[in-house]
Amino acid sequence: MSRMIKVGMADLNICKNPDAITTLGLGSCIGIAIYDPVTKIGGLAHIMLPDSTKIRNNSNIAKFADTGITELVNRMVRAGAVRSRMVAKIAGGAKMFEVTGADIIGNIGLKNAMASKKKLKELGIRLIAEDTGLNYGRTVELHCDTGEYYIKSVGKKLKII
């Protein structure tokens with residue numbers, strides 16, 4: 001019997017076949033799914049901000065793209081995944097609010113997506129699919145039996161990448 005592992009906001013976790021892992025309510029946040037197709041070990045991080053070095057209170061490493069993705073990969077390796085086989089899929093990074101003037105938080109979603117891609121590239125992990133941007137929230141599930149990444153949005157058809 002498979003189970004669904006929940007990842008909260010600014011949180012991360014790993015799972016193994018036959019389980020699945022999910023995070024709810026991605027707006028400007030990014031859900032980063034990393035998967036080793038041989039061991040069928042997957043991981044999911046719910047990233048809120050792009051860069052831990054820009055924030056004073058940065059003790060929660062799962063909150064940031066630069067530290068959360070590294071931690072997720074390290075946990076997967078400890079569980080038996082092999083970094084050279086890992087592939088990534090990302091979702092979220094929506095522009096949830098129209099902000100005029102100083103666009104500091106206005107497009108944090110785009111910044112989160114860019115920072116996530118940059119960190120994956122630095123770690124040598126191929127980004128093979130993404131569903132980012134636009135202006136709606138997403139709930140995601142990584143299914144470790146297949147590596148499929150389910151993206152659910154209110155009023156939209158289920159998307160599988």
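This passage describes the strand pairing and one helix packing in a predicted model.

One sheet of the predicted structure is open and is formed by 5 strands, arranged in the order β2-β5-β4-β6-β7 with mixed pairing. Its edges are occupied by β2, spanning residues 12-16, and by β7, spanning residues 126-132, each of which pairs on one side only. From one strand to the next, the twist averages 15°. At the β2 edge, the neighbouring strand is β5 (residues 41-47), and the two strands run antiparallel, joined by 5 bridges; within this pairing, Leu 12 has Ala 45 of β5 as its bridge partner.

Helix α2, which comprises residues 108-122, lies across four strands of this sheet, namely β4 (30-36), β5, β6 (87-92) and β7. Relative to β4, the helix runs at about 20°.

A further open sheet, likewise of 5 strands and with mixed pairing, follows the order β1-β3-β8-β9-β10. Strands β1 (4-7) and β10 (159-160) stand at its edges, and because each has a single partner strand, one side of each is left without a neighbour in the sheet. Strands of a sheet pair through backbone hydrogen bonds, in either a parallel or an antiparallel sense. In the interior of the strand order, β8 (residues 138-143) and β9 (residues 149-152) pair in the antiparallel sense, with 4 bridges between them; here Leu 142 stands opposite Tyr 149 of β9.

How values were computed
Residues are numbered from 1 along each chain as its sequence is written. This is a predicted model: local features need pLDDT of at least 70, side-chain atom pairs count only at pLDDT 80 or more; totals for chains, interfaces and linings use all residues. Side-chain values use heavy atoms; hydrogens and water are left out. Two strands pair if DSSP finds at least two bridges between them. Axes are lines fitted to C-alpha atoms, for helices over the stretch in contact, and angles run from 0 to 180 degrees between N-to-C directions. Contact means heavy atoms within 4.5 Å.
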